[in-house]
Amino acid sequence: MGDRYNIHSQLEHLQSKYVGTGHADTTKFEWLLNQHRDSFSSYIGHFDMLNFFAIVENEAKARVKFNLMERMLQPCGPPPEKPED
């Protein structure tokens with residue numbers, strides 16, 4: 001029983017430390033938002049992927065990087081309205 005509690009507390013610690021790991025109250029929209037932002041930041045951070053996108057889109061690398069940064073603001077559109085309690 002002690003191992004189960006230890007694993008649970010480690011998971012809670014990770015969820016509080018890193019935003020992208022989610023928690024019990026994470027909505028589908030928030031989860032998708034984290035996935036898209038993680039993907040865009042990975043594309044920007046990997047030079048070869050950035051070069052690939054620049055070649056495919058026939059744009060400068062700086063323009064592709066700028067476009068990816070802009071898309072990180074609202075990658076999934078505006079947030080859905082929350083129901084009032």
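**Exercise 1. Find which residues make up the largest nonpolar core, and which helices supply them.**

Solution. Start with the term: a nonpolar core is a set of buried Ala, Val, Leu, Ile, Met, Phe, Trp, Tyr and Cys residues joined through side-chain atoms within 4.5 Å. Buried means under 20% relative accessible area, with exposed over 50% and partly exposed in between (1.4 Å probe, protein chains only). The largest such core has 8 residues: Phe40, Ile44, Leu50, Phe53, Ala54, Val64, Leu68 and Met72. Next, look at the helices: H2 (28–45), H3 (47–57) and H4 (61–71) each supply at least two residues of this core. H3 gives the most, with 3 residues.

A word on the model: it is predicted, so local features need pLDDT of at least 70 and side-chain atom pairs count only at pLDDT 80 or more, while totals for chains, interfaces and linings use all residues. Residues are numbered from 1 along each chain as its sequence is written, and side-chain values use heavy atoms, leaving out hydrogens and water.

**Exercise 2. List what Ile44 is in contact with, leaving aside its neighbours within four places in sequence.**

Solution. Contact means heavy atoms within 4.5 Å. With those neighbours set aside, Ile44 is in contact with Leu50, Lys65, Leu68, Met69 and Met72.

**Exercise 3. Work out how H3 and H4 are arranged.**

Solution. First, the geometry: their axes (lines fitted to C-alpha atoms, for helices over the stretch in contact) are 9 Å apart, and the packing angle is about 105°. Angles run from 0 to 180 degrees between N-to-C directions. Then the category: under 35 degrees is roughly parallel, over 145 roughly antiparallel, 65 to 115 roughly perpendicular and the rest oblique. H3 and H4 are therefore roughly perpendicular to each other. Last, the residues: Phe47, Leu50, Asn51, Phe53, Ala54 and Glu57 of H3 meet Lys61, Val64, Lys65 and Leu68 of H4.

**Exercise 4. Do likewise for H2 and H4.**

Solution. The axes of H2 and H4 come within 9 Å and cross at roughly 160°. So these two helices, H2 and H4, are roughly antiparallel to each other. On the H2 side, the contact is made by Phe40, Tyr43 and Ile44; on the H4 side, by Lys65, Leu68, Met69 and Arg71.

**Exercise 5. Describe the protein chain as a whole.**

Solution. Count the elements: there are 4 helices and 0 strands, where helices (H or I, at least four residues) and strands (E, at least two) are DSSP runs, numbered from the N terminus. Then check burial: of the 85 residues, 14% count as buried.
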